[in-house]
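Here's a quick briefing on how two neighbouring helices sit together, and on what happens where they end. Have a look at the model first.

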Amino acid sequence: MNPAVQWVTLFYMIMAGLAMGLAYDSYRVLSLKFNFPKWLNAILDLLYWLWAALLVFRMLYAGNQGQLRFYVFLGLFLGVWIYFLIFSVTVRRFVLRLIQSVQYMCRLLWRLVEILIGTPLRWLWRFVLGLLKLLGRILRFIFKLLLRLTKPIWVLPVRWISPQLSRLTHSAWIVKITGWITKWRKR
């Protein structure tokens with residue numbers, strides 16, 4: 001294997017180490033910020049390592065057709081070490097700022113939806129309730145007016161029925177039942 005291929009493979013492995021460090025820091029900040037449950041952290045850890053393995057072997061295959069040499073491990077170590085030495089703090093801060101920016105944008109979008117859709121719907125609801133109350137009052141007024149206008153029609157049958165109804169309500173067994181119910185309520 002010629003030295004040019006070895007240097008290209010070493011460069012690819014350094015880049016893979018940098019990418020692994022970047023992904024690990026981003027994942028770590030996200031998992032700490034959102035407090036994922038333990039089972040989800042385990043699944044995400046597994047997914048991270050699967051991704052890292054695929055990345056390393058893809059870069060290794062692109063560099064020297066998948067031959068595993070000492071400089072491959074040296075390149076991965078150097079990439080991760082350089083990342084954590086130089087970029088780690090900046091990336092963590094950037095990811096935190098990015099999360100805060102996304103949360104702010106989501107809150108802003110929610111507020112905008114609330115203002116543009118929620119407020120008119122609440123106004124419409126209040127208008128419909130007011131309209132229904134007004135309609136109920138108008139119907140009640142019309143019903144009372146109809147009762148007064150039709151009083152001669154229904155008063156005579158009520159007067160004929162009311163003596164029988166009065167006798168029924170003052171019968172002995174109805175009086176006993178109502179007396180029993182009032183005693184029972186007082187307890």
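**Two helices, side by side**

α1 and α2 run roughly antiparallel to each other (an angle over 145 degrees). The two pack at about 165°, with their axes 9 Å apart; axes here are lines fitted to C-alpha atoms over the stretch in contact, and angles run from 0 to 180 degrees between N-to-C directions. This is a predicted model, where local features need pLDDT of at least 70 and side-chain atom pairs count only at pLDDT 80 or more, while totals for chains, interfaces and linings use all residues. Residues are numbered from 1 along each chain, and side-chain values use heavy atoms, leaving out hydrogens and water.

**Helix lengths** (helices are DSSP runs of H or I, at least four residues)
- α1 covers residues 3-34, and its end C-alpha atoms are 46 Å apart, which agrees with the span expected for 32 residues at 1.5 Å a residue.
- α2 has 27 residues, and its end C-alpha atoms are 39 Å apart, again in agreement with the expected 39 Å.
- The expected span is 1.5 Å times one less than the number of residues.

**What α2 buries**
- Buried residues (under 20% relative accessible area) of α2 include Y48, L55, M59 and N64.
- The buried residues of α2 pack against α1 and α3 (70-149), with contact meaning heavy atoms within 4.5 Å.

**Where the helices end**
- N35 follows α1 and has a positive phi, near 50°.
- N35 sits in the loop between α1 and α2.
- With a relative accessible area of 61%, N35 is exposed (over 50%).
- Q65, just after α2, also takes a positive phi, of about 60°.
- Most residues other than glycine have a negative phi.

Terms used: Buried means under 20% relative accessible area, exposed over 50%, partly exposed in between (1.4 Å probe, protein chains only). Angles under 35 degrees count as roughly parallel, over 145 as roughly antiparallel, 65 to 115 as roughly perpendicular and the rest as oblique.
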